[in-house]
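Visitor: Please take a close look at a single part of this structure and describe it in one connected account.

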Amino acid sequence: MTIMLSKKEKALIKEIWERLTPVAENIGSEALHRMFASYPGTKTYFSHLDISPGSSHLYSHGKKIVLAIAEGAKDISQLTVALAPLQTLHAYQLRIDPTNFKLLSHCMLVTLACYLGEEFTPVAHAAMDKFLSAFAAVLAEKYR
Amino acid sequence: MVKWSDFERSTIQDIFAKIDKNVVGPAALTRCLTVYPWTQRYFGGFGNLYNADAIAANPKVAAHGKVVLNSLENGVKNLDDLKNFYKDLSVLHSEKLQVDPDNFKLLTDCITVVVAGQLGKAFTPEVHAAFSKFLAVVVASLRKFFNSTNWLNCC
């Protein structure tokens with residue numbers, strides 16, 4: 001699948017996620033918390049976890065997600081290869097309706113805006129939104 | 001009729017008290033036209049929208065961003081009857097401007113990101129949820145008159 005990201009955009013995305021990797025569990029748990037608060041229907045996928053604010057499950061799961069995104073950002077041209085195991089997981093086990101990926105992506109962008117402030121310029125936002133959309137699309141590739 | 005909790009009501013009012021709508025409005029519309037360039041289709045008369053810098057510097061974009069935020073601020077004063085408050089704007093956007101209503105969400109998502117950038121840590125998940133709810137109700141009110149068939153009788 002082709003993603004319309006320039007070299008500059010890919011470098012920007014890679015740099016941002018590299019910088020956020022040390023705080024992966026903060027970013028990830030906050031994005032999830034935002035999603036559960038704004039879109040309560042998404043909670044239905046997490047009945048097996050304690051997703052109350054500040055819970056260790058929320059931190060560890062948030063960390064997992066951010067680390068996967070950061071890994072994908074290292075070499076965006078290889079997303080399909082990097083995400084192959086997660087594709088299988090989401091298609092056959094988790095079976096999360098892909099519309100939810102958009103909701104989490106939006107909450108991830110809001111979290112980034114809170115963390116990065118002015119640095120999260122319209123150009124950075126555009127690049128990040130494209131990357132997260134591509135990431136979600138690749139994740140859903142094995143669904144049918 | 002939408003029910004607002006005390007927390008939601010005071011949070012939404014508080015956000016509008018804290019933000020500078022003359023900064024947020026232009027920034028949000030600029031962001032929308034940059035992140036979702038296809039939305040530029042509705043702004044043919046705005047002049048130079050060729051790249052991110054041009055959009056950010058465009059005075060018509062800034063002016064229109066302020067118009068949008070002013071309307072939202074007035075909406076906050078009419079929380080208990082947003083449907084009626086936005087009736088005329090809904091008709092305008094459907095009959096005259098003929099905007100695909102899916103675009104409303106793109107703009108409100110950008111408004112949320114800009115407000116988040118402005119408020120930082122203060123834009124907690126709970127504050128964010130209240131704000132999202134307000135914007136969602138505004139969008140639903142704006143969408144209301146798209147379903148009326150009278151204006152389709154053009155063909």
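Guide: A helix here is a DSSP run of H or I with at least four residues, a strand a run of E with at least two, and both are numbered from the N terminus. The model is predicted, with local features needing pLDDT of at least 70 and side-chain atom pairs pLDDT 80 or more, while totals for chains, interfaces and linings use all residues. Residues are numbered from 1 along each chain as written, chains are lettered from A and ligands numbered from 1 in written order, and side-chain values use heavy atoms, without hydrogens or water.

The part chosen is helix α5 of chain A, which spans residues 84-94. Its buried residues (under 20% relative accessible area, 1.4 Å probe, protein chains only; exposed is over 50%, partly exposed in between) are Q87(A), H90(A) and A91(A). Viewed down the axis of α5(A), these buried residues fall within an arc of 90 degrees, so they line one face of the helix; the arc is taken from the directions of the C-beta atoms from the helix axis. On the face turned away from that buried side, α5(A) carries the exposed residues P85(A), Y92(A) and Q93(A).

The buried residues of α5(A) are covered by elements of chain A including α4 (79-82), α6 (99-116) and α7 (122-139), where contact means heavy atoms within 4.5 Å. Just after α5(A), R95(A) adopts a positive phi of about 45 degrees.

Beyond this helix, chain A also meets a charge from chain B: K121(B) lies over the face of Y115(A), 4.0 Å from the ring centre. Such a placement requires NZ of Lys or CZ of Arg within 6 Å of the ring centre and within 35 degrees of the ring normal.
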